[in-house]
Amino acid sequence: MATDPAGCSDSRGVVFSPNASSTWNNLGNFALDVEKNLRNYSSNWDHGNYGFDTLALGYLGSGGPAVESSVLAGLNTKDFYLGSIGLSPQPLNFTATDNPAPSLLGSLKIRKQIPSLSYGYSAGAPYRLKKVLGSLTLGGYDASRRPLNDTISFTFGEDISRDLLVGLQSIEYSDANTTRRQLLSKGILTFIDSTVPHIWLPLDACKAFESAFGLSYDNTTDLYLVNSTLHDTLTKQNASISFLLGNRVQGGETVNITFPYASFDLQ
């Protein structure tokens, strides 16, 4: 658009223009349902121009698979800075429930380009060692990224819009001075949504985070902002946060995942 700032498209990794594609088959505007599990969500916020087109994975000429008639949606909103790739195996329905469109994983499985509808993902750790990169494997997982111990199997929720539910049993804070405190008063069931870069917690847990890290809530951005002074303090504090996860909010098999402050300090 004429009102967009310079470099708007490039900063987003270049945008897709359906009108420039000779194989685009338009379906119409439908809700994206992105972030629908968040507070005060309204489907009026996020519509997309849906259609079928060929989707290729990997860089041009890299030899990655190309999937014809993939479901794509152009964002008719500026609420989201980047797009996303859907990894749910569930097919998509538009106007007829008896003729669903297969998901990306479903299409790859039908074409025998992957052996299963599973996937493995690791976010990586650019703040550690020689910058550990992220990893995404379709149809399986990268065994070298899986810890030998401390693993657990999670069951899916019945609601397909909230299927990846885990029991968050506790959140523990610790720092270089061996200070330890609990930041979650009781366990909760929480939905893991990779399209959201934030952690949403009960109000009392947010207050506990404020106290532990010296944070102040910014009502304009609805975020906790860190200035250079607080950043230096938190770096010296060298705190870490441990999330204890299970299938239930209390008891049963669990796994403990610890994040150092550096994992949040990704400028």
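Of the 267 residues in this chain, 27% count as buried. Keep in mind as you click around that the model is predicted.

**Stop 1: the whole chain**

Show the C-alpha trace and orient it along its principal axes, where it spans about 60 × 45 × 40 Å. Switch to cartoon and you should find four helices and twelve strands. If you turn on a surface, about 18,100 Å² is exposed, and carbon and sulfur atoms supply 53% of that. Now for the contacts: taking those between residues at least 6 apart in sequence, 49% join residues at least 24 apart.

**Stop 2: strand β6 and its partners**

Select residues 165-174, which make up strand β6. Is this strand mostly covered or mostly exposed? Mostly covered: eight of its ten residues are buried.

Next, bring in the strands that pair with β6. Add residues 240-246, strand β11, and you get an antiparallel pairing with β6 over seven bridges. To see where the two line up, pick Glu172 and look across to Ser242 in β11.

Then add residues 188-191. This is strand β8, again antiparallel to β6, with four bridges between them. Here Gly167 is the residue to click, with Leu189 of β8 standing opposite.

One more partner: residues 180-182, or strand β7, which runs antiparallel to β6 and is joined to it by three bridges. Ser174 faces Arg180 of β7 across this pairing. What do β6 and β7 form together? A hairpin, with five residues between the two strands. Zoom in on Thr178 in the turn and check its backbone: phi is positive, at about 65°.

While the side chains are on display, remember that in a regular strand they alternate between the two faces of the sheet.

**Stop 3: the nonpolar cores**

Show Leu168, Ile171, Leu183, Phe213 and Ile241 as sticks. These have the most contacts inside the largest nonpolar core, which has 24 residues. Which elements give two or more residues to this core? They are β6, α3 (203-213), α4 (228-237) and β11. Colour α3 separately if you like, as that helix gives the most, with six residues.

Now centre on Ile171. Leaving out neighbours within four places in sequence, Ile171 is in contact with Arg181, Gln182, Leu183, Leu184, Leu201, Phe209, Ile241, Ser242 and Phe243. Apart from this core there is another, of six residues; Leu57, Leu104, Leu108 and Ile114 are among them. Such groupings fit a general pattern: in soluble globular proteins, nonpolar side chains tend to be buried together.

**Stop 4: a nonpolar patch outside**

Go back to the surface view and select Ile199, Ile257, Phe259 and Phe264. They form a nonpolar patch there, with about 340 Å² of accessible area together. Phe259 belongs to strand β12, residues 254-260. Its relative accessible area is 32%, so Phe259 is classed as partly exposed.

**Stop 5: Ser135**

Finish at strand β5, residues 135-138, where you will find Ser135. Why does Ser135 count as buried? Because its relative accessibility is 15%, under the 20% cut-off. To see what surrounds Ser135, select Gly120, Tyr121, Ser122, Asp142 and Arg145: Ser135 touches each of these, not counting residues up to four places away in sequence.

Conventions. Residues are numbered from 1 along each chain as its sequence is written. This is a predicted model: local features need pLDDT of at least 70, side-chain atom pairs count only at pLDDT 80 or more; totals for chains, interfaces and linings use all residues. Side-chain values use heavy atoms; hydrogens and water are left out. Buried means under 20% relative accessible area, exposed over 50%, partly exposed in between (1.4 Å probe, protein chains only). Contact means heavy atoms within 4.5 Å. Patches are made of residues with over 30% relative accessible area and no salt bridge: like charges are joined within 9 Å, nonpolar side chains (Val, Leu, Ile, Met, Phe, Trp, Tyr) within 5 Å. Accessible areas come from the Shrake-Rupley method with a 1.4 Å probe; for residues, only the protein chains shown count as cover. A salt bridge is a side-chain nitrogen of Lys or Arg within 4 Å of a carboxyl oxygen of Asp or Glu. Two strands pair if DSSP finds at least two bridges between them. A nonpolar core is a set of buried Ala, Val, Leu, Ile, Met, Phe, Trp, Tyr and Cys residues joined through side-chain atoms within 4.5 Å.
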